[in-house]
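Here is a short walk through one protein model and its ligand. Keep the structure in view as you read.

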Amino acid sequence: MEKLSLPKSRIKILLLENIHKSAVDLLKRNGYANIESIPGALEPEDLKARLKNVHILGIRSRTRLTKDILSAGEKLLTVGCFCIGTNQVDLRCAKRMGVPVFNAPYSNTRSVAELVIAEIIMLFRGIPQRSWGAHEGAWDKTVKGAKEIRGKTLGIVGYGHIGSQLSVMAEAMGMQVRFHDIVEKLAIGNAKPCVSLDELLAVSDVVTLHVPETPQTKNMITAAKLKKMNKGSFLINASRGTVVEIDSLADALKSGHIAGAAVDVFPKEPADGNEKFKSPLQGLRNVILTPHIGGSTEEAQANIGGEVAEKLVKYSDNGSTLGAVNFVEVALPIQENTTRFMHIHRDVPGVMSKISEVFARRKINIAGQYLRTDGEIGYVVTDVTGRVQVGMGIRKELAAIDGTVRTRFLYEAPAT
Ligand code: NAI
């Protein structure tokens with residue numbers, strides 16, 4: 001393997017911001033040993049200096065990868081965001097540099113679904129206000145307004161990863177589940193789709209939102225929509241803060257039309273623990289407020305570590321860009337007795353024929369090839385039959401093709 005253009009032993013991995021140990025474990029299991037883990041984020045200048053020798057960088061949400069910082073990463077192959085969001089990275093600049101960026105969008109699905117189940121029970125039993133009262137010395141020992149969730153109707157808006165998992169859990173607890181999605185979704189269990197959001201609002205005892213932030217979902221729940229909900233029903237939002245008109249929700253809670261709410265996400269969230277959190281929902285005793293922690297569990301962190309590290313390994317080992325947020329997705333199955341090259345280039349005409357010529361001139365058979373382009377970047381993975389060594393000058397010729405951004409010799413067929 002030492003004949004590869006970049007053997008694993010020379011791949012330097014830098015992990016910042018206390019990334020879960022599950023990532024290091026997975027990288028080590030896959031033969032990557034040159035790993036440095038740093039607990040915090042680095043100052044921009046320090047990061048730039050270190051990035052010069054780094055091939056794989058792992059960050060979380062506090063490290064901003066601007067164009068200036070990325071351009072210091074001359075050897076950078078790929079970036080893993082060990083979190084959900086990727087807006088801390090200049091994704092377009094990374095793409096133009098031939099650097100795919102990966103994240104873990106679904107590692108915390110279960111954590112969010114569990115929290116929502118807990119909140120449904122808390123709201124139906126009137127726990128927020130009773131807990132608040134007990135802290136203040138009140139003894140509100142009454143059944144008034146306390147209900148079981150069994151038999152009640154849960155309306156799920158957005159039947160994706162979280163919505164559909166929640167559907168299964170809610171049914172297991174005896175709830176009736178209705179859902180609404182803009183995409184045709186196969187109902188799980190006995191859940192039934194609603195033809196419109198309005199229908200869902202009208203039939204539900206509790207509505208929970210699990211949609212992404214898009215122009216269509218911005219202020220999806222307005223004062224008019226809240227009026228369409230049943231009097232005495234509940235609203236849960238653990239999706240994105242912009243989905244609900246927060247002042248209208250506060251009004252609906254104050255008027256008693258909405259009996260309670262659990263809100264984890266807000267239109268304006270503090271940037272960090274030093275900034276004070278302000279919301280029109282503060283002080284309302286029938287509201288559970290949480291600081292955007294729906295997906296924040298130790299298990300989710302461990303899942304994120306494994307999921308992102310695996311994507312980085314697959315890219316570094318095989319060239320797979322499945323799940324990249326800024327890159328065309330290419331995944332070519334591993335073929336027996338082949339040698340694999342990857343080539344990232346500007347999306348200009350003629351590159352593919354020049355790549356093929358490099359092999360044809362040497363009478364090397366192309367056993368498989370997969371190309372994807374997006375108007376800006378083209379990415380091709382090529383498998384050639386047998387053992388083809390770097391020494392043949394192939395990589396240099398591939399690198400010299402006009403428009404080349406990056407090329408690598410990923411693995412070679414075993415010696416016969
Ligand atoms: P997903 O992409 O798997 O599912 C979203 C679903 O919403 C899709 O089925 C989509 O078709 C549907 N949808 C999109 N626009 C819609 C519309 N206008 N009306 C109805 N349905 C619509 O996403 P996932 O993983 O289930 O996440 C859902 C939300 O939860 C996202 O906003 C995500 O950012 C948020 N989230 C919040 C966390 C927290 O800590 N509170 C943690 C994880 C995710």
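A polar contact is a pair of N or O atoms within 3.5 Å. Keep that cut-off in mind for the ligand. The model itself is predicted.

Start with Asp-264. One of its polar side-chain atoms sits 2.9 Å from a nitrogen atom of the ligand. The backbone takes part too. A polar backbone atom of Val-211 is 2.6 Å from an oxygen atom of the ligand. At Ile-182, a backbone N or O atom lies 3.5 Å from a ligand nitrogen atom. On its own, the ligand exposes 870 Å². The protein buries 87% of that area.

Now widen the view to the shell. It holds 26 residues around the ligand. Those that come nearest are His-161, Ile-162, Asp-181, Val-211 and Asp-264. By class, the shell has 11 nonpolar, 11 polar and four charged residues.

Next, turn to the empty space. Rolling a probe the size of a water molecule over the atoms reveals where such space is left. The second largest pocket contains about 340 Å³. Its lining is made of 18 residues, and Gly-145, Lys-147, Gly-232, Phe-234 and Ala-259 are the closest to its centre. Three elements each give two or more residues to this lining: helix H5 (109–124), helix H6 (127–135) and strand S10 (233–237). The lining counts four nonpolar, seven polar and seven charged residues.

Last come the aromatic rings. The whole structure has eight aromatic pairs. Take Phe-124 and Phe-234. Their ring centres are 4.9 Å apart and their planes meet at 65 degrees, so this pair is edge-to-face. Phe-124 belongs to helix H5 and Phe-234 to strand S10, so the pair ties together parts that lie 110 residues apart in sequence.

Conventions. Residues numbered from 1 in each chain as written. Predicted model: local features only at pLDDT ≥ 70, side-chain atom pairs only at ≥ 80, totals over all residues. Heavy atoms only, no water. Near = heavy atom within 4 Å. Polar contact = N/O pair within 3.5 Å; in protein donor to acceptor, adjacent residues only side chain to side chain. Areas by Shrake-Rupley, 256 points an atom, 1.4 Å probe, with all protein chains shown as cover. Nonpolar A, V, L, I, M, F, W, Y, C, P; charged D, E, K, R; others polar. 1 Å grid on protein atoms, 1.4 Å probe; cavity = no way out; pocket = protein on both sides within 12 Å on 5 of 7 lines; lining within 4 Å. Points joined across faces, edges and corners; volume = space filled by probe spheres on them. Helix = DSSP H or I, 4+ residues; strand = E, 2+ residues; numbered from the N terminus. Phe/Tyr/Trp six-rings, centres within 6.5 Å; stacked < 30°, edge-to-face > 60°.
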